[in-house]
Amino acid sequence: MILVTGATGNVGGKVLSLLRAGGHKVRALTRDPERTAFAAGADLEVVAADLGRPETLAPALDGVQKVFLMSLGANKATHDAHLVAAARAAGVEHVVQLSTLGVEVAEDPRANPLGHWHRIAEEALRDSGVPWTILRPNGFMSMNLGWAASIKAEGVARGPLADVPEAVVDPRDIAEVAARALTEDGHEGRIHELTGPQALTGREQLAVLGGLLGRDLRFETVPLAAHREVMLRHFSEETVNGVIRTLEEAIEHGSELHGRLSPDVRRVLGREPRSFAEWARDHLELYRA
Ligand SMILES: NC(=O)c1ccc[n+]([C@@H]2O[C@H](COP(=O)([O-])OP(=O)(O)OC[C@H]3O[C@@H](n4cnc5c(N)ncnc54)[C@H](OP(=O)(O)O)[C@@H]3O)[C@@H](O)[C@H]2O)c1
């Protein structure tokens, strides 16, 4: 049995589907099983649990051999530590953890809180004695879905980083690597750095979308203070402050790390990572006016 956290979310949802398609028995973890209609099947169990409430995790892990572990923002360190402790107690054989690129340079928590939270989460897993694989993805291509409403309405994308090149990665590739790591030999003790095949700035990504839509789209750079206000509508203040500090650092010093291309998607999947153009084509309807 494989426990999938974030099973109602972006990467976890895809991991769940891939594992089921591969004939594996899965248990989907969600705080609210009523909210999401999973496709029913004898291969699927759904469990109500909360990574912030450790007492809910032992029942979720009962009979589980492997875990896909993700959690969010400023909760990352504590939530992952809760799951890892419960996994060790339950005798789990392998945890595949979603982390982030940048952990390796996140020594100063004040400069890169986002990386720092992930670093503590990684350490909790690596120090636990539970066999592990860590996935360190670059920024997700799907982050651009945040542009969809203003592209449809005004032909404008707004964001804080117009000109910082980033080898953004398709969440489908992340999920495929996770599913392989959970079901194949040879991934234990390995860190996979997951990037797309090409470093593109925000403006260049917008140009790809504009080309496919046949529209002239404009990038409007948003000051970090205004971006912070938008983020506060969706995330906790601690998470938002951490993300803003990390963005300030990227704007001030550029981000060589995030522009780098990693061979790991190709190494694990035996094919090139999906390009931004492919991602954009597959999601184009969401941007069409
Ligand atoms: N976005 C990026 O560009 C980027 C880049 C690098 C790394 N990452 C990593 O990827 C993660 C985001 O992955 P994603 O896009 O797949 O996330 P997502 O779709 O936003 O994930 C939401 C999931 O989190 C679950 N969740 C939230 N709070 C929970 C709690 N207290 N207990 C249990 N589950 C909880 C939700 O489950 P329910 O609501 O069903 O309970 C839902 O399934 C980040 O946190 C980061 O670690 C992201």
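A polar contact is a pair of N or O atoms within 3.5 Å; within protein, one atom must be able to donate a hydrogen and the other to accept it, and residues adjacent in sequence count only if both atoms are side-chain atoms. The model is predicted: local features need pLDDT of at least 70, side-chain atom pairs count only at pLDDT 80 or more, and totals for chains, interfaces and linings use all residues. Residues are numbered from 1 along each chain as its sequence is written, and side-chain values use heavy atoms, with hydrogens and water left out.

**Exercise 1. Find which residue's side chain T133 contacts, and place T133 in the fold.**

Step 1. Locate the residue. T133 lies in strand β6. Strands (E, at least two residues) and helices (H or I, at least four) are DSSP runs, numbered from the N terminus.

Step 2. Check its exposure. T133 has a relative accessible area of 0%, so it is buried. Buried means under 20% relative accessible area, exposed over 50%, and partly exposed in between (1.4 Å probe, protein chains only).

Step 3. Find the partner. The side chains of T133 and H94 make a polar contact of 2.7 Å.

**Exercise 2. Describe the burial of β5 and the direction of its side chains.**

Step 1. Count. Five of the five residues of β5 (residues 94-98) are buried, so the strand is largely enclosed by the rest of the structure.

Step 2. Split by direction. H94, V96 and L98 point one way. V95 and Q97 point the other way.

Step 3. Recall the general pattern. In a regular strand the side chains alternate between the two faces of the sheet.

**Exercise 3. Identify the strands that pair with β5, and give the handedness of the crossovers.**

Step 1. Take β4 (residues 66-69). β4 runs parallel to β5, and four bridges join them. Strands pair if DSSP finds at least two bridges between them. K66 stands opposite H94.

Step 2. Follow the chain. From β4 it passes through helix α3 (residues 76-90) to β5, a right-handed β-α-β crossover. Right-handed means that, with the strands pointing away from the viewer, the path from the first strand over the helix to the second runs clockwise.

Step 3. Take β6 (residues 132-137). β5 and β6 pair in the parallel sense over four bridges. L98 stands opposite L135.

Step 4. Add the helix. β5, α4 (residues 113-126) and β6 form a right-handed β-α-β unit.

**Exercise 4. Place S99 and E123, and state how exposed each is.**

Step 1. Start with S99. S99 sits in the loop between β5 and α4. Its relative accessibility is 5%, so S99 counts as buried. The side chains of S99 and E122 share a polar contact of 2.6 Å.

Step 2. Move to E123. E123 belongs to helix α4. With a relative accessible area of 37%, E123 is partly exposed.

Step 3. Measure across the chain. The C-alpha atoms of E123 and A81 are 9.0 Å apart, with their positions 42 residues apart along the chain.

**Exercise 5. List atoms that approach the ligand, and state how much of the ligand is covered.**

Step 1. Take the oxygen atoms. A polar side-chain atom of R35 lies 2.6 Å from a ligand oxygen. A polar backbone atom of G9 is 3.1 Å from a ligand oxygen.

Step 2. Take a nitrogen atom. A ligand nitrogen is 2.9 Å from a polar backbone atom of L51.

Step 3. Read the cover. On its own the ligand has 940 Å² of accessible area, and the protein covers 82% of that. Accessible areas come from the Shrake-Rupley method with a 1.4 Å probe; for residues, only the protein chains shown count as cover.
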